Amino acid sequence: MSSSPEATLGRKRDSEATRAALLEAARDLFGRHGYDAVTLREIGERAGADGSLVARYFGNKAALYRSAMAEESREVNASPETSDLAAFTAYAVRRVDGRGAPGPIVQALFSHGNTPEVRASAAQEVRAKLVAPLAARLADEGAADPVAKAEVLIACVVGVLALRPTGLFDGLSAISPEEVGTILDSAIQALPPAVK
(Lines give C-alpha, C1' and ligand atoms only; values in the text may rest on other atoms or scores of the structure.)
Protein backbone atom coordinates (compact mmCIF):
# COMPACT_ATOMS: atom_id res chain seq x y z
CA MET A 1 0.00 0.00 0.00
CA SER A 2 1.50 3.34 -1.02
CA SER A 3 1.26 6.65 0.78
CA SER A 4 -1.14 9.29 -0.38
CA PRO A 5 0.34 12.30 -2.18
CA GLU A 6 -0.71 14.48 0.79
CA ALA A 7 1.14 12.22 3.26
CA THR A 8 4.27 12.23 1.08
CA LEU A 9 4.10 16.02 0.77
CA GLY A 10 3.63 16.31 4.55
CA ARG A 11 6.74 14.20 5.19
CA LYS A 12 8.70 16.25 2.65
CA ARG A 13 7.63 19.49 4.34
CA ASP A 14 8.51 18.04 7.75
CA SER A 15 11.94 16.94 6.57
CA GLU A 16 12.56 20.35 4.94
CA ALA A 17 11.47 22.06 8.15
CA THR A 18 13.69 19.78 10.24
CA ARG A 19 16.67 20.41 7.99
CA ALA A 20 16.06 24.18 8.11
CA ALA A 21 15.69 24.10 11.91
CA LEU A 22 18.93 22.16 12.30
CA LEU A 23 20.75 24.61 10.03
CA GLU A 24 19.38 27.65 11.86
CA ALA A 25 20.26 26.16 15.26
CA ALA A 26 23.75 25.34 14.00
CA ARG A 27 24.27 28.86 12.65
CA ASP A 28 23.30 30.36 15.97
CA LEU A 29 25.28 27.97 18.19
CA PHE A 30 28.37 27.83 15.96
CA GLY A 31 28.20 31.62 15.57
CA ARG A 32 28.23 32.07 19.35
CA HIS A 33 30.55 29.30 20.51
CA GLY A 34 32.55 28.03 17.52
CA TYR A 35 32.84 24.57 16.07
CA ASP A 36 34.57 22.68 18.87
CA ALA A 37 32.36 23.88 21.73
CA VAL A 38 29.04 22.82 20.13
CA THR A 39 27.71 19.26 20.10
CA LEU A 40 25.24 17.70 17.70
CA ARG A 41 23.01 17.01 20.68
CA GLU A 42 22.90 20.74 21.51
CA ILE A 43 22.06 21.56 17.91
CA GLY A 44 19.28 18.98 17.91
CA GLU A 45 17.87 20.28 21.20
CA ARG A 46 17.89 23.86 19.91
CA ALA A 47 16.18 22.73 16.69
CA GLY A 48 13.63 20.57 18.49
CA ALA A 49 14.93 17.49 16.68
CA ASP A 50 17.23 14.56 17.26
CA GLY A 51 20.88 15.59 16.79
CA SER A 52 21.53 12.33 14.97
CA LEU A 53 19.46 13.72 12.06
CA VAL A 54 22.47 15.87 11.19
CA ALA A 55 23.95 12.77 9.54
CA ARG A 56 20.85 12.33 7.39
CA TYR A 57 20.59 15.93 6.22
CA PHE A 58 24.21 17.10 6.19
CA GLY A 59 26.51 14.09 6.52
CA ASN A 60 28.46 15.12 9.63
CA LYS A 61 29.19 18.04 11.93
CA ALA A 62 31.88 19.52 9.67
CA ALA A 63 29.52 19.44 6.69
CA LEU A 64 26.83 21.13 8.80
CA TYR A 65 29.34 23.84 9.76
CA ARG A 66 30.22 24.36 6.09
CA SER A 67 26.47 24.62 5.33
CA ALA A 68 26.09 27.21 8.11
CA MET A 69 28.98 29.21 6.63
CA ALA A 70 27.51 28.90 3.13
CA GLU A 71 24.23 30.31 4.42
CA GLU A 72 26.12 33.21 5.99
CA SER A 73 27.95 33.71 2.72
CA ARG A 74 24.68 33.89 0.78
CA GLU A 75 23.61 36.69 3.09
CA VAL A 76 26.92 38.47 2.50
CA ASN A 77 26.18 38.29 -1.23
CA ALA A 78 22.91 40.14 -0.53
CA SER A 79 24.73 42.79 1.52
CA PRO A 80 26.04 46.15 0.33
CA GLU A 81 28.82 46.00 -2.22
CA THR A 82 31.72 44.40 -0.38
CA SER A 83 34.23 46.70 -2.07
CA ASP A 84 32.51 49.60 -0.24
CA LEU A 85 34.30 48.96 3.04
CA ALA A 86 32.32 51.54 5.05
CA ALA A 87 28.90 50.25 3.99
CA PHE A 88 29.85 46.59 4.31
CA THR A 89 31.43 47.08 7.73
CA ALA A 90 28.35 48.93 9.02
CA TYR A 91 26.13 46.13 7.66
CA ALA A 92 28.28 43.40 9.26
CA VAL A 93 28.46 45.20 12.62
CA ARG A 94 24.68 45.64 12.66
CA ARG A 95 24.31 41.88 12.05
CA VAL A 96 26.69 41.08 14.90
CA ASP A 97 24.88 43.54 17.18
CA GLY A 98 21.54 41.98 16.27
CA ARG A 99 22.57 38.44 17.11
CA GLY A 100 25.05 39.26 19.86
CA ALA A 101 27.69 37.01 18.31
CA PRO A 102 30.18 37.19 15.45
CA GLY A 103 28.74 34.30 13.41
CA PRO A 104 30.09 31.00 12.15
CA ILE A 105 32.52 32.36 9.56
CA VAL A 106 34.32 34.61 12.03
CA GLN A 107 34.28 31.86 14.67
CA ALA A 108 35.82 29.42 12.19
CA LEU A 109 38.65 31.83 11.40
CA PHE A 110 39.63 31.84 15.06
CA SER A 111 39.20 28.09 15.52
CA HIS A 112 42.27 26.03 16.27
CA GLY A 113 40.39 22.76 16.67
CA ASN A 114 40.63 19.41 15.00
CA THR A 115 38.96 20.40 11.75
CA PRO A 116 41.29 22.48 9.60
CA GLU A 117 38.92 22.02 6.63
CA VAL A 118 36.31 24.15 8.40
CA ARG A 119 38.84 26.93 8.99
CA ALA A 120 40.09 26.66 5.41
CA SER A 121 36.51 26.92 4.11
CA ALA A 122 35.95 30.06 6.15
CA ALA A 123 39.19 31.62 4.89
CA GLN A 124 38.23 30.77 1.31
CA GLU A 125 34.82 32.45 1.78
CA VAL A 126 36.43 35.58 3.22
CA ARG A 127 39.02 35.74 0.42
CA ALA A 128 36.40 35.31 -2.31
CA LYS A 129 33.62 37.49 -0.90
CA LEU A 130 35.56 40.24 0.86
CA VAL A 131 39.27 40.35 0.08
CA ALA A 132 39.01 39.94 -3.71
CA PRO A 133 36.41 42.71 -4.29
CA LEU A 134 38.25 45.10 -1.98
CA ALA A 135 41.60 44.27 -3.63
CA ALA A 136 40.06 45.02 -7.03
CA ARG A 137 38.88 48.41 -5.73
CA LEU A 138 42.31 49.18 -4.28
CA ALA A 139 44.01 48.18 -7.53
CA ASP A 140 41.66 50.48 -9.48
CA GLU A 141 42.58 53.28 -7.08
CA GLY A 142 46.30 52.66 -7.66
CA ALA A 143 47.28 51.10 -4.34
CA ALA A 144 50.54 49.17 -4.19
CA ASP A 145 50.09 45.46 -3.33
CA PRO A 146 46.28 45.68 -3.22
CA VAL A 147 45.74 42.06 -2.09
CA ALA A 148 47.93 42.43 1.00
CA LYS A 149 46.29 45.75 1.87
CA ALA A 150 42.81 44.27 1.38
CA GLU A 151 43.75 41.36 3.65
CA VAL A 152 44.89 43.79 6.38
CA LEU A 153 41.68 45.81 6.13
CA ILE A 154 39.45 42.72 6.16
CA ALA A 155 41.41 41.34 9.11
CA CYS A 156 40.53 44.59 10.91
CA VAL A 157 36.85 44.09 10.08
CA VAL A 158 36.99 40.47 11.31
CA GLY A 159 38.64 41.63 14.54
CA VAL A 160 35.92 44.21 15.08
CA LEU A 161 33.24 41.58 14.47
CA ALA A 162 34.89 39.16 16.90
CA LEU A 163 35.53 41.71 19.66
CA ARG A 164 32.48 43.99 19.55
CA PRO A 165 30.05 41.51 21.16
CA THR A 166 32.47 40.74 24.00
CA GLY A 167 32.14 44.19 25.57
CA LEU A 168 35.88 44.17 26.34
CA PHE A 169 36.41 47.52 24.61
CA ASP A 170 33.95 50.18 25.76
CA GLY A 171 34.63 52.52 22.85
CA LEU A 172 34.21 49.79 20.25
CA SER A 173 30.95 48.71 21.84
CA ALA A 174 29.63 52.28 22.08
CA ILE A 175 30.16 53.72 18.61
CA SER A 176 27.66 53.19 15.83
CA PRO A 177 28.14 50.63 13.07
CA GLU A 178 28.42 53.51 10.60
CA GLU A 179 31.23 55.10 12.61
CA VAL A 180 33.11 51.79 12.65
CA GLY A 181 32.73 51.61 8.87
CA THR A 182 33.91 55.18 8.40
CA ILE A 183 37.00 54.60 10.53
CA LEU A 184 38.02 51.49 8.60
CA ASP A 185 37.23 53.07 5.24
CA SER A 186 39.37 56.10 6.14
CA ALA A 187 42.34 53.75 6.38
CA ILE A 188 42.05 53.31 2.61
CA GLN A 189 42.73 57.01 2.14
CA ALA A 190 45.99 56.63 4.08
CA LEU A 191 47.34 53.88 1.81
CA PRO A 192 50.39 54.85 -0.23
CA PRO A 193 49.88 54.72 -3.99
CA ALA A 194 51.73 52.24 -6.14
CA VAL A 195 55.18 53.36 -7.16
CA LYS A 196 55.14 54.14 -10.85
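Which residues in H5 meet which residues in H8? In this predicted model, Leu85, Thr89, Ala92, Val93 and Val96 of H5 meet Leu153, Ile154, Val157, Val160 and Leu161 of H8. Sorted by class, the contact of H5 with H8 has nine nonpolar residues, one polar residue and no charged residues. The two helices pack at an angle of about 20°, their axes lying 10 Å apart; because angles under 35 degrees count as roughly parallel, H5 and H8 are described as roughly parallel to each other. The crossing in which H5 passes H8 is right-handed.

The chain to which these helices belong has ten helices and zero strands, so that, read from the N terminus on, its elements run α-α-α-α-α-α-α-α-α-α. Of its 196 residues, 41% count as buried, and the chain exposes about 10,300 Å², of which carbon and sulfur atoms supply 55%. Among the contacts in the chain with a separation of 6 or more, residues 24 or more positions apart account for 66%.Helix H10 (residues 177-189) packs with H5 (residues 85-99) at an angle of about 145°, with the axes 7 Å apart, and the crossing of this pair is right-handed. On the side of H5, the contact is made by Leu85, Ala86, Thr89, Ala90, Val93, Arg94 and Asp97, while H10 contributes Pro177, Glu178, Val180, Gly181, Thr182, Leu184, Asp185 and Ile188. By class, the residues of this contact comprise eight nonpolar, three polar and four charged.

H10 also packs with helix H8 (residues 146-163), the axes of the two coming within 10 Å and crossing at roughly 160°. Because angles over 145 degrees count as roughly antiparallel, H8 and H10 are assigned a roughly antiparallel arrangement, and H8 passes H10 in a right-handed crossing. Here Leu153, Cys156, Val157 and Val160 in H8 meet Val180, Leu184, Ala187 and Ile188 in H10, and the residues of the contact divide into eight nonpolar, no polar and no charged. Val157 of H8 thus appears in the contact with H10 and also in the contact with H5, as do Leu153 and Val160 of H8, which meet residues of H10 and of H5.

Two consecutive positions of helix H7 (residues 116-140) were examined individually, beginning with serine 121, which lies in that helix. Serine 121 has a relative accessible area of 19% and is classed as buried because this value falls under the 20% cut-off. With its neighbours within four places in sequence left aside, serine 121 is in contact with Arg66 and Met69. Alanine 122, likewise placed in helix H7, counts as buried at 0% relative accessibility. Its contacts, again leaving aside neighbours within four places in sequence, are with Met69, Ile105, Ala108 and Leu109; Met69 is therefore a contact of alanine 122 as well as of serine 121. Alanine 122 and proline 104 are separated by 18 residues in sequence, and their C-alpha atoms are 8.4 Å apart in space.

A further local feature concerns aspartate 145, which lies in the loop between H7 and H8. Most residues other than glycine have a negative phi. For aspartate 145, by contrast, phi is near 45°, a positive value in a residue other than glycine.

Notes. Residues are numbered from 1 along each chain as its sequence is written. This is a predicted model: local features need pLDDT of at least 70, side-chain atom pairs count only at pLDDT 80 or more; totals for chains, interfaces and linings use all residues. Side-chain values use heavy atoms; hydrogens and water are left out. Helices (H or I, at least four residues) and strands (E, at least two) are DSSP runs, numbered from the N terminus. Buried means under 20% relative accessible area, exposed over 50%, partly exposed in between (1.4 Å probe, protein chains only). Contact means heavy atoms within 4.5 Å. Accessible areas come from the Shrake-Rupley method with a 1.4 Å probe; for residues, only the protein chains shown count as cover. Axes are lines fitted to C-alpha atoms, for helices over the stretch in contact, and angles run from 0 to 180 degrees between N-to-C directions. A crossing is left-handed if the near helix is turned anticlockwise from the far one by less than a right angle, and right-handed if clockwise. Ala, Val, Leu, Ile, Met, Phe, Trp, Tyr, Cys and Pro count as nonpolar, Asp, Glu, Lys and Arg as charged, and the others, Gly among them, as polar. Angles under 35 degrees count as roughly parallel, over 145 as roughly antiparallel, 65 to 115 as roughly perpendicular and the rest as oblique.
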